[in-house]
Amino acid sequence: MRFSTALRLAWRDSRNSAAKFAFVILAVAVGVGSLTGVRGFSRAFRSMLLKDARTLMAADLSVRVFELPTPAQEKIFDDFTAQSIDRTWITETVSMLSAPQMSTPLLVAVKAVDPAKYPFYGEVRTAANAGLPSILEGPNIAVSDDLLVRSGLKEGAIVRLGTAEFTIKGVLTYEPDRMAGSVNVGPRVMLTRANLELAGLLREGSRSSQRFLFKFPSGQADAMILTARKQLASAFPDAVIADYRETHPLITRGLNNATTFLSLVSLIALVVGALGVAMAMQSHLQQKLDSIAVMKALGGRSSQILHVYLLQATLLALAGGGIGILLGAGVQKAFPLLIAGFFPIAPNVQFEWISIAEGFGLSLLSTLLFVLPPLLEIRQIKPIVIFRRDMEGVPKPWREWWREQRASLAAALLICLGLAGMAAFLIDANWAVAARVGGWFVGGLIGALLLLAGLSWALLKLLRRLVKLPALKLPALARHGLANLYRPGNRAEAVLVAFSLGVMLTLTIYLLQSSIIGQISASAPPGMPNVFLINITNADRLPVAAFLKSAPGVEGDVAIVATAAGHLKSINNTAQNETNLVGPAKRFLRARTITWSNEMPPQTQIVEGKWWNNPGSAEPQLSVLADAAKALNLKPGTLTEWEVSGRKVYARVAAIHRNESVRPGSNTEFVFSPGALDSVPVLYFGAIRARPALISQLQKASFEKFPAITVINLADVLVRVQEVIDQVALVVRFISAFAILAGMIILASSIAGSRLRRVREVVILKTLGATRAKVAAIFSVEFLLLGLVSGVMGSVLAVAFTNVLLTRLLDAQFQFDWAPNGIAIFGSALIAMFAGWMASYRILDQKPLEVLRDE
Amino acid sequence: MANPNTRPAIRVRELHKSIATATHTVDILRGIDFDVPQGQFVAIMGASGSGKSTLLGLLAGLDTVTSGSIQLDGEEITGLNEDSLARLRARKLGFVFQSYQLIPTLTAEENVLLPAELAGAAGNAAARARALLDDVGLADRRDHYPVQLSGGEQQRVALARAFMLQPPILMADEPTGNLDSANGAHVLELLLNMNRKEGTTLILVTHDPQVAAHAGRRIQMRDGVIVSDEI
């Protein structure tokens, strides 16, 4: 058959199916749109990062650490200065800001800079267009405009930050290195280093972030950068080092993770869309069964007909792909708005060939893969069905079944491989990781589908048994409706799988969302802290504890936990380095959080050795969390050497412990005995549970008494968490809607497929005296049952899934709530009823004689 | 009976057809033998369930035989695969069904044109389709869809379609079965006229003795066997 003929036939066939094909195009377009949008944005963002790397870093080279440099590290800086490499130092931390006009102190991100040098590249812009040095001179600070909005303060207001008072003199509108910064909590405050010290916010041992920016002598950066980078890398093993020749590793890592996650979410959208496409195609072919048989009777070969429908699917995929690419451009445009709060610059939307090719490639691949099984069925359509339709549904010997289904099974395998390939393609990682993710993706999808299919099968079997129970006297209408589920050609199982998949996804997201937010913010489990105090010094430790014990609204225990960052240097005098710490143990090469405690933390069990009973013991001791002990091969009696803030600490392992508690600080890997950390700077944090209504009063009282201590209300943090969760939930809900839509299409197509039989049954029932209402009741029972069973399955799985996710991954508790489950179950029943009737209301109007005369 | 000087259009020998159901096997045709010479008009008659439609389906290669032989124009068709059968139908057979079997999404003209398109026949196919629609009196209805046509009109479109590729053999399964007597008579008249004009061998399945009366030969079937064969 000539291509033009096939094209003509495909076009003619599509004319009368506009609505169905519009759905197909939309389903593909949404998947492709989200994929190309996410990836196009990511690519554009990456190229912008590279192009403007110097400006985005405000330097040629930057080093970020969480500790002040040691004398050895300072020496390298001096060497750089001798080579005319300019340097400036930025410190970032969080603190509280207050003013008499404010009811509650505000959590702010503080950034101390040297305005004479910072930034080396790009510029800091302020609302009044004033220069940074003139703004920050004297007891003045610059703030971001959201600080003014949230506090109700105006420029010129006097505020308290830590132990000092400052005047707000400028409003920041743009900082070039905002993305490379490490503190992104709350509104921003910029000040000089002298003022930071005046505020008393920098304390020894504090985990504030230090960034050192370097500028090479003009024209020599390319020549000097390699050596400088090498020197810095060996002197600062824990640092994040970035230079202008690459995209910033911190931003790129976040970008890669976000791109991978969103790409996979989009792939699910595409897969669900493609499933819908396959179902739409199957329903289309089901309705075309007679036409295809006639075409075969008129001399059409299977390959010719396949060619026509393949062409049709290809054109639909291309149309979906094309619209998807346009949608993707829209997504690319919308993305910068969504993240405007975090990233000051928006990359240009790029219409790259690679995005377009990727969009078309993925739309074609996913659509064609999924329409393959229904298309292959064309080969099974025998022209004889025109004469002898009643022979359908006769069980076939397995040999014949295998011969007929071979190609479909091969197609299923191809779909799995194709999907794994697509998932792997979307992961920006080496082939081994990509292959593993691809495998997991397909494995998870198949596992979920198989589980649902198994459950559907079992539930249908159970229903059938129930109906047959002699004791159960069901009304005739209900019995007929139930029996419709087992009608040959009724794809009840497929309907149940797709429907319950949709219900499961939607409900899981809802349950997770409401459980996480609801539980932590309002009804956190008894005893779990909801207020944290950070930056408590040793001197403040006991006064803060005393203050909290008598402070209004504080419930239960007050926990003040020590925290410091320690490097494990040697074990039994063997230096720890990359040769003996490999695999997961490699993490112990970096600084670890350490603490000290006299009492055993709550819910701790000693696995080996024993907890110190004698706090005054001469030799410092150490208890290690079982996992860490196993990774490092630590046993009671092992001698460990640590470096904390440049000072050496030795401690002998006294115990190996296990801890089940989720309280902050309880699961620290390394707990030292009292006195062991006396020689090093240790900061403390407090965790308390306070009545929500009294938290702001507590914040105010604490700020007045301990201005340098930051009080974090978990509810404030949760607002931001909620925003993020809401965004993600919206995306996933949108995808779930597609799964439900796919379920509706399968139901509608299953009804369309059995239309002929239904028509016959309706007219026979009518001839035998059934009213329209009775026939409608029979059908309604069938659709309602399908919806109810899907709802129950989806809801059971959603509850199980949410329970596992909450308890295993998120350390939260799950509480069963009837309301959302009930709504999901009855909602799906109603949706199924709606879809069912949309596909079959015309059957009711059938005049018996017209049909019976046709017989 | 077959003229020994010419090859028969159809030759059937020891034809059997059985269908396995879930519980048992049904023998639909139980040893059929006959020849049809070129240009003959044969009516196959019998009551419902006698096997006449199954026989027609097998003659057209729409289904596979259980055993026996069928030759169309000297070519054995029982061993052919689906695609070869389809090619053979395109070349040699026209078909008229009881319930018209027009493709609902195609217009009358597109339905008539379809066999030519499937066979890859280019040239003046569109002109011939229009001429055929004119022959069946539907020139002004060529852009109508099947649902916009009456039963009689639909069957006339099906007739035009059957003659589109000038097949040497035409098979018709109760072509007037779904029509009232006036329309039925009209369609039958058209069928016979076109058959005469094109010189086609015509196999017509019917249970209506009035229709069968027009045939040159009548084969009577009962319970899967031929019980009479008269000229």
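1. Which residues does A:V189 touch, not counting residues up to four places away in sequence? In this predicted model, A:V189 touches A:L97, A:V108, A:A109 and A:V110, and also A:I141, A:V143 and A:L161.

2. A:V189 also belongs to the largest nonpolar core, which has 277 residues. A:V189 is among those with the most contacts inside this core, together with A:V277, A:L677, B:I44, B:L159 and B:M171. The element that gives the most to the core is helix α2 of chain A (residues 18–51), with 16 residues. As background, nonpolar side chains tend to be buried together in soluble globular proteins.

3. Helix α23 of chain A covers residues 818–840. Its 23 residues, at 1.5 Å a residue, should span 33 Å, and the end C-alpha atoms are indeed 33 Å apart, so the two values agree. The buried residues of α23(A) begin with A:N821, A:A824, A:I825, A:S828 and A:A829. The list goes on with A:I831, A:A832, A:M833, A:A835, A:G836, A:A839 and A:S840. When reading such a list, keep in mind that an α-helix has 3.6 residues a turn, so residues three or four places apart point the same way.

4. Some backbone geometry deserves a check. Most residues other than glycine have a negative phi, and most peptide bonds are trans. The bond joining A:Y118 and A:P119 is cis, with omega about -10 degrees. A:P119 is located in the loop of chain A between β3 (106–113) and β4 (125–126).

5. In chain B, B:D73 is not a glycine, yet its phi is positive, near 55 degrees. B:D73 sits in the loop between β4 (67–72) and β5 (75–76) of that chain. B:D73 counts as partly exposed because it has 18 C-beta neighbours inside 10 Å.

6. B:Y100 is not a glycine and has a positive phi, about 60 degrees. This residue lies in the loop between β6 and α3 of chain B. Is B:Y100 buried or exposed? B:Y100 is buried, because 23 other C-beta atoms lie within 10 Å, and 20 or more is the cut-off for that class.

7. B:S99 is found in the loop of chain B that runs between β6 (93–96) and α3 (108–118). B:S99 has 16 C-beta neighbours inside 10 Å and therefore counts as partly exposed. How far apart in space are B:S99 and B:P175, C-alpha to C-alpha? They are 7.8 Å apart in space, while 76 residues apart in sequence.

Note on methods:
Residues are numbered from 1 along each chain as its sequence is written. Chains are lettered from A and ligands numbered from 1 in the order in which they are written. This is a predicted model: local features need pLDDT of at least 70, side-chain atom pairs count only at pLDDT 80 or more; totals for chains, interfaces and linings use all residues. Helices (H or I, at least four residues) and strands (E, at least two) are DSSP runs, numbered from the N terminus. A residue is buried if 20 or more other C-beta atoms lie within 10 Å of its own, exposed if 12 or fewer, and partly exposed in between; C-beta atoms are placed from the backbone. A nonpolar core is a set of buried Ala, Val, Leu, Ile, Met, Phe, Trp, Tyr and Cys residues joined through C-beta atoms within 7 Å. Two residues are in contact if their C-beta atoms, placed from the backbone, lie within 7 Å. The expected span of a helix is 1.5 Å times one less than its number of residues.
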